[in-house]
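This report introduces a protein structure to a reader who has not met it before. It proceeds from helices and sheets to loops and charged pairs.

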Amino acid sequence: MLAVAIAGALSGCVAVEAGHEGVLVEQPFFFGHGGVDPVPSKTGRVWVAPTTKVVDVDVRPLQYSEHFDIISAENAPVSFDAFMIANVVEGRSPELISRYGPNWYQNNVKEAFRTFVREEVQKYPLFQLTTDPTTRNKLQEAIAREVQTKLIEKQSIPVRLNRVVVGSILPPKGVVEQTTQTIVQEQRKITMVEFQKAEEAREKAEKQRGIADRAYRESLGLTAPEFVDLRRIEVQKEIVQHSPTALTVIMGLERVGINMPPLASEK
């Protein structure tokens with residue numbers, strides 16, 4: 001009983017949450033060898049000696065974010081966020097702690113990840129970064145490939161890379177306003193060109209219609225006033241054909257009209 005009491009006094013209980021692993025780091029006071037226990041503690045309560053430290057390791061996918069204010073390929077500043085989503089491989093948390101420590105991302109991954117992102121983004125010009133939707137996919141794939149081969153695999157880090165996400169890439173506010181003004185000016189220019197083309201086409205059509213009307217009048221042997229009366233009648237005929245049943249038309253003709261008796265001479 002005395003031995004049990006002493007053991008109880010010299011031990012403690014640590015709870016390991018779901019989705020976590022507990023890495024036992026033994027640090028004996030007097031004798032024995034300390035170090036990291038190669039077998040992690042799973043979910044539940046673990047009894048440990050007072051000299052044993054338990055490092056809690058989250059093995060669920062976690063998101064590590066970085067903000068960037070860098071220069072594009074054409075020396076234009078851009079701002080964006082990049083995210084690395086990764087998780088510690090289950091059962092290998094003791095290896096991670098013994099080799100890289102609890103702050104493995106900050107000490108061994110962060111700067112390399114930022115370098116990969118910076119190098120890939122600086123390969124593209126500003127316009128492509130901010131307007132081409134396929135550019136972000138290319139960036140994400142390239143950065144993920146660099147992280148996987150040159151970092152995780154090369155250094156044998158027991159971490160599983162899920163994906164890399166590059167957020168919206170935007171130029172500074174002043175550049176955005178300037179770009180917007182440029183786009184508006186370009187659109188206005190395009191609109192004016194199209195308007196001029198439409199006016200020229202309309203003028204050409206009017207001239208062609210005038211030539212056709214003149215040929216038609218001459219083929220009928222009509223004078224200009226007579227042709228005006230004829231066109232007026234044709235227009236009114238079209239109105240009647242497309243009008244309701246009851247319609248009253250008041251027709252006014254030129255002084256010289258078609259099928260009209262000659263007017264009496266004025267006194």
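A residue is called buried when its relative accessible area is under 20%, exposed when that area is over 50%, and partly exposed in between. The model described here is predicted.

## Helix α3

Helix α3 covers residues 104–121, which makes 18 residues. From its first C-alpha to its last it reaches 25 Å, close to the 26 Å expected at 1.5 Å a residue. The helix nevertheless has a kink of about 45°, centred on lysine 110.

The buried residues of α3 are Trp104, Tyr105, Val109, Phe113, Arg114, Phe116, Val117, Glu120 and Val121. The elements that cover them include three strands, β6 (62–71), β7 (77–88) and β8 (159–166), together with the helices α2 (93–100), α4 (126–131) and α5 (133–155).

## The sheet β6-β7-β8

Three strands form an open sheet in the order β6-β7-β8, with antiparallel pairing. Strands β6 and β8 stand at the edges; each has a single partner strand, so one side of each is left without a neighbour in the sheet. On average, neighbouring strands of this sheet are turned by 20° against each other, direction ignored.

Ten bridges join β6 and β7 in the antiparallel sense, and glutamate 66 stands opposite alanine 82 in β7. Helix α3 packs on this sheet, where it touches β6, β7 and β8, and its direction makes about 45° with that of β6.

## The sheet β3-β2-β5

A further open sheet of three strands has the order β3-β2-β5, again with antiparallel pairing. Its edge strands are β3 (35–36) and β5 (52–58), each of which pairs on one side only.

Strand β2 (residues 20–26) pairs with β3 over two bridges in the antiparallel sense. Glutamate 26 stands opposite glycine 35 in β3. Helix α2 lies across β2, β3 and β5, and runs at about 50° to β2.

## Helix α5

How far apart are the end C-alpha atoms of α5? They are 33 Å apart, which agrees with the span of 33 Å that its 23 residues should have at 1.5 Å a residue. Helix α5 bends by about 30° at glutamine 148.

Buried positions in α5 are Thr135, Leu139, Gln140, Ala142, Ile143, Ala144, Glu146, Val147, Leu151 and Ile152. Among the elements that cover them are β7, α3, α4 and β8.

## Residues in the loops

Serine 72 and asparagine 75 both have their place in the loop between β6 and β7. Serine 72 is buried, with a relative accessible area of 4%. Leaving aside neighbours within four places in sequence, serine 72 is in contact with Gln122, Tyr124, Pro125, Leu126 and Leu129. Asparagine 75, by contrast, counts as exposed at 65% relative accessibility. Its phi is positive, about 60°, although asparagine 75 is not a glycine.

Serine 156 belongs to the loop between α5 and β8. Just after α5, this serine takes a positive phi of about 55°. Serine 156 is partly exposed, with a relative accessible area of 38%.

## Salt bridges

Side chains of opposite charge can pair when their charged atoms come close. The structure holds eleven salt bridges. Arg92, Glu95 and Arg99 are linked in a network of such bridges. Within this network, glutamate 95 forms a salt bridge with arginine 92, and the closest N and O atoms are 3.0 Å apart. Glutamate 95 is partly exposed at 27% relative accessible area, and arginine 92 is partly exposed at 34%.

In helix α5, the side chains of lysine 150 and glutamate 146 meet in a salt bridge of 3.0 Å, N to O. Because these two residues are four residues apart in the helix, about one helical turn separates them. Lysine 150 is partly exposed at 46%, whereas glutamate 146 is buried at 16%. Helix α6 (residues 173–220) contains lysine 189 and glutamate 186, three residues apart, about one turn of the helix. Their side chains meet in a salt bridge of 4.0 Å, N to O. Lysine 189 is exposed at 52% relative accessible area, and glutamate 186 counts as partly exposed at 40%.

Notes: Residues numbered from 1 in each chain as written. Predicted model: local features only at pLDDT ≥ 70, side-chain atom pairs only at ≥ 80, totals over all residues. Heavy atoms only, no water. Expected span 1.5 Å × (residues − 1). Bend = angle between axes of the 7 residues up to and from the residue. Buried < 20%, exposed > 50% of the residue type's maximum accessible area, 1.4 Å probe, protein only. Contact = heavy atoms within 4.5 Å. Pairing = 2+ DSSP bridges. Axes fitted to C-alpha atoms, helices over the stretch in contact; angles between N-to-C directions.
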